[in-house]
Amino acid sequence: MSTSSSPLFEAYQLSLPKPLHTPSPQISSFLYDPFSATLALRHTDSSFSLYPSFSPLSLSSLPSPKSLVPSPTSSAAFLHLRTTSNSSATTTLFLTSSSLLRPTSSTLIRFYILRDGRFGKIRVVSNHRDLEFDRSRCGVVFKVNHGVSMALSGGINVFTLYSVSSSKIWLFAARLIADEGGEEALKLMKCAVIDCCSPVFTIRVVFRVLILGEENGVRIFPLQPLVKGSHRKEKKTNNGKRYNSKNVLPKGEKTEKHSDSEKSRSVKLRQDSRDVGAFYVAFEDNKDEERIRRSVKAISIEPLSSNCFVVLDNVGDVHLLSLSYSVQGLNNRCLMKRSTQTMKVLKLSVFHDASTVTRTIWMSDGCHSVHLMMVSDMDTSTDKTEKKDTTEKLIQTSGSYRFFLHRV
């Protein structure tokens, strides 16, 4: 990497240890969680090595992983729990899905909670008949056929599970509770079921929205109506007594004691439904021959702020999505603007630095070039004209850097 005497960025190469739980040290993919600074390496046998509080600046090679997640796994994601929207304390969980064939075809979801620098198992409780905790498998058996593919996507207090075979998306909510014995447990609630009528290529649950990457654009669901109708609490428990006690779990986290008086209700809707305020935002029209010839799909969505997102399509173009909020909440006056960069992007990622209002978009062409685009965190306006001007300025004032990587 070519840099000046005072480099803005530095690259490090880390030697990977040979895992003890898999015959091959090869890494097929990885996940990184910025909240807990956890690096999750997926091996070729679909197992995971987890490295909490990962800091490449102080390492020349990776040590043995602190936590291991056994195979098989078909998908994985990080889930974060917060007691209040303004709370800075975040509990991190690592989720995996896998197929179960016996006694009936179903899906196993395993949960690992980060405590004292390690990911460990946690008991899960649920009032739904199709969700059953299996202690021997250390996970929740979801009585839905796994099929050819399942995809997990995690957010704050909620996560989704997408089945390609069933053409359904399930939205779950989770929170920490104390079980009957006073031990820490995870309460799992099935909030919504979305019947898909068109293919979904990526899903993001972030801030206040659920975003689906579809053909020629994205579909946006406000989260509140999906989660709000998920459950109701009765004022009395089964023995007729009113219940309002709370327990305190490790690190001062407040959690409600488990009570069977809470009955869950799932919202059911179609992908193209507008009942909960969902709407579709199309890519900006253009006359690019390749885009006309190919079916353009939104394959990656990354947040820049609560109002602005970066969307990558399968052609390699990057789009900036700007959401609009009014007094009533999210509305459909949103803008999608295609970025003016000339390279075709294969992968992208967004780096959030709390010390600055600037967001860094890392873009790779999949070969030997990495591009960086610096984007200011501008507020969006509900006025369409002002929003258009803001989006234009956001694109035009973005600084960029280019790095050429050479492997010796």
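The protein chain exposes about 21600 Å², and carbon and sulfur atoms supply 50% of that area. Accessible areas come from the Shrake-Rupley method with a 1.4 Å probe, and for residues only the protein chains shown count as cover. This is a predicted model, in which local features need pLDDT of at least 70 and side-chain atom pairs count only at pLDDT 80 or more, while totals for chains, interfaces and linings use all residues. Residues are numbered from 1 along each chain as its sequence is written, and side-chain values use heavy atoms, with hydrogens and water left out.

**Overall make-up**

The protein chain has three helices and 32 strands. Both are DSSP runs numbered from the N terminus: helices are H or I with at least four residues, strands are E with at least two. Of the 408 residues, 47% are buried. Buried means under 20% relative accessible area, with exposed over 50% and partly exposed in between (1.4 Å probe, protein chains only). Take the contacts between residues at least 6 apart in sequence: 54% of them join residues at least 24 apart. A contact means heavy atoms within 4.5 Å.

**Confidence**

The pLDDT is the predictor's confidence in each residue, from 0 to 100. Its average over the protein chain is 80, and 74% of the residues score at least 70. Among the elements, strand 13 (residues 158-163) has the highest mean pLDDT, 98, and strand 20 (residues 246-249) the lowest, 37. Over residues 230-256 the pLDDT is below 50, yet this stretch has 59 contacts in the model beyond near neighbours in sequence. Residues 1-6 stay under 50, with six contacts beyond four places in sequence.

**Strand pairs**

Two strands pair if DSSP finds at least two bridges between them. Two antiparallel pairs are listed here.

| Pair | Residues | Bridges |
|---|---|---|
| Strand 7 and strand 8 | 106-115 and 118-121 | four bridges |
| Strand 17 and strand 18 | 209-214 and 217-222 | six bridges |

Tyr 112 stands opposite Lys 121 in strand 8. Strands 7 and 8 form a hairpin with two residues between them. Asp 116, in the turn, has a positive phi of about 55 degrees. In the other pair, Leu 212 stands opposite Arg 219 in strand 18.

**A four-strand sheet**

Strands 17 and 18 also belong to an open sheet of four strands, in the order 16-17-18-24, with antiparallel pairing. Strand 16 (202-206) and strand 24 (279-282) stand at the edges; each has a single partner strand, so one side of each is left without a neighbour in the sheet. Neighbouring strands of this sheet are turned by 20 degrees against each other on average, direction ignored. Axes are lines fitted to C-alpha atoms, for helices over the stretch in contact, and angles run from 0 to 180 degrees between N-to-C directions.
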